[in-house]
Amino acid sequence: MANILVTGGAGFIGSFIVDELISRGHKVRILDSLVEQVHKGKVPVYLNKEAEFIRGDVCDKEALAAALKDIDFVFHKAAEVGVGQSMYEVSRYVNANAMGTANLLDIIINNGEIKKRIKKIIVASSMSPYGEGMYSCEKCGIVNPSPRSEERIKMGIWELNCPKCNSILNPVPTPETKTQDASSVYALTKKFQEDLVMNAGKAYNIPVVAFRYFNVYGPRQSLSNPYTGVAAIFMSRVKNNHPPMIFEDGNQLRDFVSVHDIVQANMLAMEKDEANYQVYNVASGKAISVRAIAEMVARLCGKDIKPMITGQSRKGDIRHCFADITKIQKSLGFEPKVDFEEGMKELIKWAEDKEAKDLVDYMSKELKDKGIIS
Ligand code: UD1
């Protein structure tokens, strides 16, 4: 049995990790500030009663130091999430995601008692620092295109062209070795967070693992946070009999991974030494279009609602990105178990008796006012 700290343990991903750790007999402490946008300042009903709960922010060094007392493993999941919003709430995102992680490392490195005890830190990074995923050109092979230019996006040219011969590119699975090219503040904070943890871990011989999560979905995902989580956003729209609003043409590809598979990866990282000092993609390895998700949500909810293709674009959005998961499969024996349609059914069933405030119109107005949607 180990003493484990889960920062952000009241959140969507953190809370499932807490449940699994407790079911395995560990002693779990949660540090979570109950961010207003997600929790409305309230402890969520699903919070595991057997965990010790501390309401506190990772930006509050005192609270963090208290939470780290006698801890063996840290699952660092506390973060602000939302690509569009990060573009105009810069300091809020940098504070929570980058400074929060810097605080965690400062305390561990400089407090002998805490440092001696820590066995591993597992950090939630993201696919977002890749920027665009990996592409292949029929003539030039694998290429690594730069983010799309404003000009082309304004003209409604969504796909990417080969930087060498200008042919249309085909997206291919993205491995961990792809060069990173962050295109949003959120992505920059996640890259910095990952680099910080890797650097400090190696310098002080503290085993660290960074997971590059792709698009995670599942029960407990905020149904009323219009800034992130397209699967949940579409479900709130459909539940309220509104059409899902699709940016661009809906053919952009993402890789959706169930929160249960995310838990699997975290448990493997904790148990296996092979994970130490490694960075892994955590995803399903399958690509699905945003339009297909909107159609599936309507079908599974039994509603005849067609998505609205807005042709608008959101600054910071990439076109396609889905994962090559070979590294985590080979190194840790990870295997995604939840099929997307089954996972969506689970999310929809969970949401049946939950309030899903459709705040998309409010969000769209705000992002337009801030120049993020055009
Ligand atoms: C981003 C990050 C991801 C992060 C996640 C959490 C990138 C490339 N990915 O995912 O690492 O974990 O945020 O915030 O930065 N969309 C619509 N209609 C909507 C909402 C979204 O069409 O109402 C589209 C978006 O334009 C995008 C796709 O759906 O093309 C997915 O959006 P979203 O769920 O916000 O996640 P990502 O931006 O892919």
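A polar contact is a pair of N or O atoms within 3.5 Å; within protein, one of the two must be able to donate a hydrogen and the other to accept it. By this rule, 10 residue pairs, with both residues at pLDDT 80 or more, are in polar contact across the interface of domain 1 and domain 2. The model is a predicted one.

The domain assignment of the protein divides the chain into two domains. Domain 1 is made up of residues 3–133 together with residues 174–369, and domain 2 covers residues 134–173. A distance of 28 Å separates the C-alpha centres of domain 1 and domain 2. To the contact between them, domain 1 contributes 22 residues and domain 2 contributes 15 residues.

The area buried between domain 1 and domain 2 is about 1500 Å², and carbon and sulfur atoms account for 57% of it. Besides the polar contacts, three salt bridges are found across the interface of domain 1 and domain 2. On the side of domain 1 that touches domain 2, nine residues are charged, eight are polar and five are nonpolar. A salt bridge is also found between Glu132 and Arg148, where the closest N and O atoms are 3.8 Å apart; the cut-off for such a pair is 4 Å.

The model also contains a ligand, with 22 residues around it. Those that come nearest to the ligand are Ser126, Thr228, Met245, Arg254 and Asp317. For Asp317, an N or O atom of the side chain is 2.5 Å from an oxygen atom of the ligand. Backbone atoms also take part in the surroundings of the ligand: a backbone N or O atom of Gly229 lies 3.3 Å from a ligand oxygen atom, and for Ser128 the corresponding distance from a backbone N or O atom to an oxygen atom of the ligand is 3.5 Å. On its own, the ligand has 750 Å² of accessible area, of which 95% is covered by the protein.

Notes:
Residues are numbered from 1 along each chain as its sequence is written. This is a predicted model: local features need pLDDT of at least 70, side-chain atom pairs count only at pLDDT 80 or more; totals for chains, interfaces and linings use all residues. Side-chain values use heavy atoms; hydrogens and water are left out. Domain bounds come from an automatic or database domain assignment. Contact means heavy atoms within 4.5 Å. Buried area is the accessible area (1.4 Å probe) that two parts lose on being put together, summed over both. A salt bridge is a side-chain nitrogen of Lys or Arg within 4 Å of a carboxyl oxygen of Asp or Glu. Ala, Val, Leu, Ile, Met, Phe, Trp, Tyr, Cys and Pro count as nonpolar, Asp, Glu, Lys and Arg as charged, and the others, Gly among them, as polar. A residue is near a molecule or strand if one of its heavy atoms lies within 4 Å of it. Accessible areas come from the Shrake-Rupley method with a 1.4 Å probe; for residues, only the protein chains shown count as cover.
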